[in-house]
Amino acid sequence: MQGVKVRSAPVVLRGLPSLPVLWAAAGVAALLAACVAGALMGPVHIGVGTVLRALTGGVVDPGQANILWSLRFPRVVLGVLVGGMLAIAGAAYQGVFRNPLADPYLLGAAAGANLGATLAIAFGPGTTVIGLNIVPLAAFAGAGAAVAGAYVLGQTVSGLRSNTGLILAGVAMAAFFNSVQTYVQQSQTGSIRQVYSWILGRLVTAGWDGVLLVLPYVVVSALVIFLHRRLLDAMMIGEDEVTSLGISVRRVRLIVVVAATLGTAAVVAVGGTIAFVGIIIPHTIRLLVGRSYTVVVPLSLLFGAAFLVLADTAARTILAPAELPIGVITAFVGAPFFIAVMRSTRAASL
Amino acid sequence: MSDVKLAGVSVSYDGVEVLAPLDLDVASGEWLSLIGPNGAGKTTVLRAIARLAPFAGEIVIGDQAVLSWGARELARHVAMLLQEPHIPDGMSVSQYVLLGRSPHLGYLGRESARDRRIVADVLRRLSLDDFAARPLGQLSGGERQRAAIARALAQQAPVLLIDEPTTSLDVGRQQAVLELIDELRREEGLTVIAAMHELTLAGQYSDRLALLASGRLVALGTPAEILTESMISEHYHADVRVVAMNGSGTAVVPVRR
């Protein structure tokens, strides 16, 4: 086939995936609307004009400016980072494992983060390391340790080209970390409520520290996943086929999993193990728009971010001044919505 | 040059030898079919050449050992059609065939206008241009097989490995697929190595047949030399009649015991 003649006239190849402009615009609009809602809503009423003046450097009441700049804006930005990251990490995991049930916690990231956070809350409350609260650092380290352990275990069991070996290693690692976490949680009854609240997820309100902590990880992770969208599409055709095209399944999986895990560990460290976002957002995009990662990655980023900002806004306003765990909102709203989408489309295309 | 040489190639899984040391030379532009009963090692030979199975010995294409190539370079020389390719239902035909350009792209590379032109030409060549935007899940079995061939052709590799190309196709589509591969082989000078289940078709389309049994090469020669009643009876344990068809090769017909 060396001699296939290449025509010089431009060729339009129909059926290639591309990001639909309308959906991209809808995603941006949804994200902006969610951010506006997040900035406006809260126990203290602050009007649109005040928010706009604060953003453009206008004169604002110092108390209100403090609420916006110290509490609401960083929390909205954190919601954007956490939601977008969990959604594209879920999409990436589903792609490299060719498993629709994969989520960012598949290889034990959540179990590891929970154990790290539980240990920190139980044995070192209030401790700081280089000026940072130890809980997110311990959660980050726990998540990384669990996934690294699963990867090493999966490799020794059956080699990295085996999906099943790696997933089972993740299940084993998560079970082990969960058992230790439960033991610590039950034996340290004084901190059980705090631990439980952390596990269900809650965006911290420690100003911009949390944002700055996760931003580099989210940017790098999202960029790596975005650059892999053609290879994630290629992974759909099966391991032997992909290999015969000269693509190293092992390398793609390792790079994508490392990137997605770093981003996930970072956002879990500050937001807790918020459930469901990494499953429902990518699948909703697949059902409504298309399966190609050219579509799924950018739209998951936009809609995941918008969804989590709205969920967080609801979590802190429904029972204000008390807060609901954000994981309760994501599951309570997300599950029925996802089921409705599945019923109205062809779920078989998952 | 795209001749393929196997020297002492053997394959073992968990210490169990499934392919005994095999020597085989396939000339550039030749169609060689691997035949033999189930479990004879036909697919294993193809997987070894494509480096999908670890092997001992040496496999050389042209004057290069396949082990000396990186994965992408190997894929620029060898394209493989699996027996049951995984066809993602939601992917369009054009996107699927465009994946065949992967060996020509960098790790994070995107397809160029030239890659899209090559794919458009392959689709036209295989009469798939009207299906370009259609999801693979909406194609018939024969159309899917053509899409899989198109993906392999888009690789522009001079060696084409095909594992049971006619499985689950009706007799008309079997013929159409084999005619298409033969036509492409002659026009593009492809070297074709195919694992074939259907003996009559293997004899009609191949220059030579390699008969494998229990992981060993037991006979190699022209179809007339290999497709004999005694040979098939001995290795397939089947009662057959081999019937000459007035210059159109031979037909291998099972007869009831």
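The following paragraphs go through the helices of chain A, its contact with chain B, and the two sheets of chain B in a predicted model.

Chain A contains 14 helices and two strands. Its radius of gyration is 21 Å, close to the 20 Å that the globule rule gives for 350 residues, so chain A is as compact as a globular protein of that length. Taken along the principal axes, the box filled by the C-alpha atoms of chain A is roughly 75 × 50 × 40 Å.

Helix α8(A), residues 209-227, is a useful place to start, since two of the helix pairs described here include it. One partner is helix α3(A), residues 62-97: the two pack at an angle of about 30°, and their axes are 10 Å apart. With angles under 35 degrees counted as roughly parallel, α3(A) and α8(A) are therefore roughly parallel to each other. Their crossing is left-handed. On the α3(A) side the contact is made by Pro74(A), Val77(A), Leu78(A), Leu81(A), Gly84(A), Met85(A), Ile88(A) and Ala92(A). From α8(A) come Gly210(A), Val211(A), Val214(A), Leu215(A), Val218(A), Ser221(A), Ala222(A) and Ile225(A). By class, the residues of this contact are 13 nonpolar and three polar, with no charged residue.

The other partner of α8(A) is helix α11(A), residues 249-271, at an angle of about 160° and with the axes 8 Å apart. Angles over 145 degrees count as roughly antiparallel, and α8(A) and α11(A) are therefore roughly antiparallel to each other. The crossing of α8(A) and α11(A) is also left-handed. Here α8(A) contributes Gly210(A), Leu213(A), Val214(A), Tyr217(A), Val218(A), Ser221(A), Ala222(A), Val224(A) and Ile225(A). The residues from α11(A) are Ile255(A), Val256(A), Ala259(A), Ala260(A), Leu262(A), Gly263(A), Ala266(A), Val267(A) and Val270(A). This contact has 15 nonpolar and three polar residues, and no charged ones. Several residues of α8(A) take part in both contacts, among them Gly210(A), Val214(A) and Ile225(A).

A further pair in chain A is formed by helix α4(A), residues 109-123, and helix α7(A), residues 192-200, whose axes come within 10 Å and cross at roughly 150°. The helices α4(A) and α7(A) are therefore roughly antiparallel to each other, and their crossing is right-handed. The contact brings together Asn114(A), Ala117(A), Thr118(A) and Ile121(A) of α4(A) with Gln194(A), Val195(A), Trp198(A) and Ile199(A) of α7(A). Five of these residues are nonpolar and three polar, and none is charged.

The next step leads from chain A to chain B. In the contact between the chains, 31 residues of chain A meet 42 residues of chain B. Helices α9(A), residues 229-234, and α10(A), residues 239-244, each supply at least two residues of the side of chain A that touches chain B. The largest share of that side, four residues, comes from α10(A). In contrast to the helix contacts above, which have no charged residues, this side of chain A includes seven charged residues, along with 14 nonpolar and 10 polar ones.

Chain B has an open sheet of four strands in the order β2-β1-β4-β5, with antiparallel pairing. Its edge strands are β2(B), residues 16-26, and β5(B), each of which pairs on one side only. Strand β1(B) is joined to β2(B) by seven bridges, and Ser12(B) stands opposite Glu17(B) of β2(B). Strand β1(B), residues 4-13, is also joined to β4(B), residues 56-61, by five bridges; there Ser10(B) has Ala56(B) as its bridge partner. Two bridges connect β4(B) to β5(B), residues 64-65, with Ile61(B) opposite Gln64(B). The hairpin of β4(B) and β5(B) has two residues between the strands, and Gly62(B) takes a positive phi near 65° in it.

An open sheet of six strands in chain B has the order β6-β7-β8-β3-β9-β10 and mixed pairing. Strands β6(B), residues 78-81, and β10(B), residues 216-221, are its edges, each pairing on one side only. On average, neighbouring strands of this sheet are turned by 15° against each other, direction ignored. Within the sheet, β3(B), residues 31-35, and β9(B), residues 208-213, pair in the parallel sense over four bridges. In this pair Ile35(B) stands opposite Leu211(B) of β9(B).

Notes
Residues numbered from 1 in each chain as written. Chains lettered and ligands numbered in written order. Predicted model: local features only at pLDDT ≥ 70, side-chain atom pairs only at ≥ 80, totals over all residues. Pairing = 2+ DSSP bridges. Axes fitted to C-alpha atoms, helices over the stretch in contact; angles between N-to-C directions. Parallel < 35°, antiparallel > 145°, perpendicular 65-115°, else oblique. Left-handed = near helix turned anticlockwise from the far one by under 90°. Contact = placed C-beta atoms within 7 Å. Nonpolar A, V, L, I, M, F, W, Y, C, P; charged D, E, K, R; others polar. Rg over C-alpha atoms; globule rule 2.2 N^0.38 Å.
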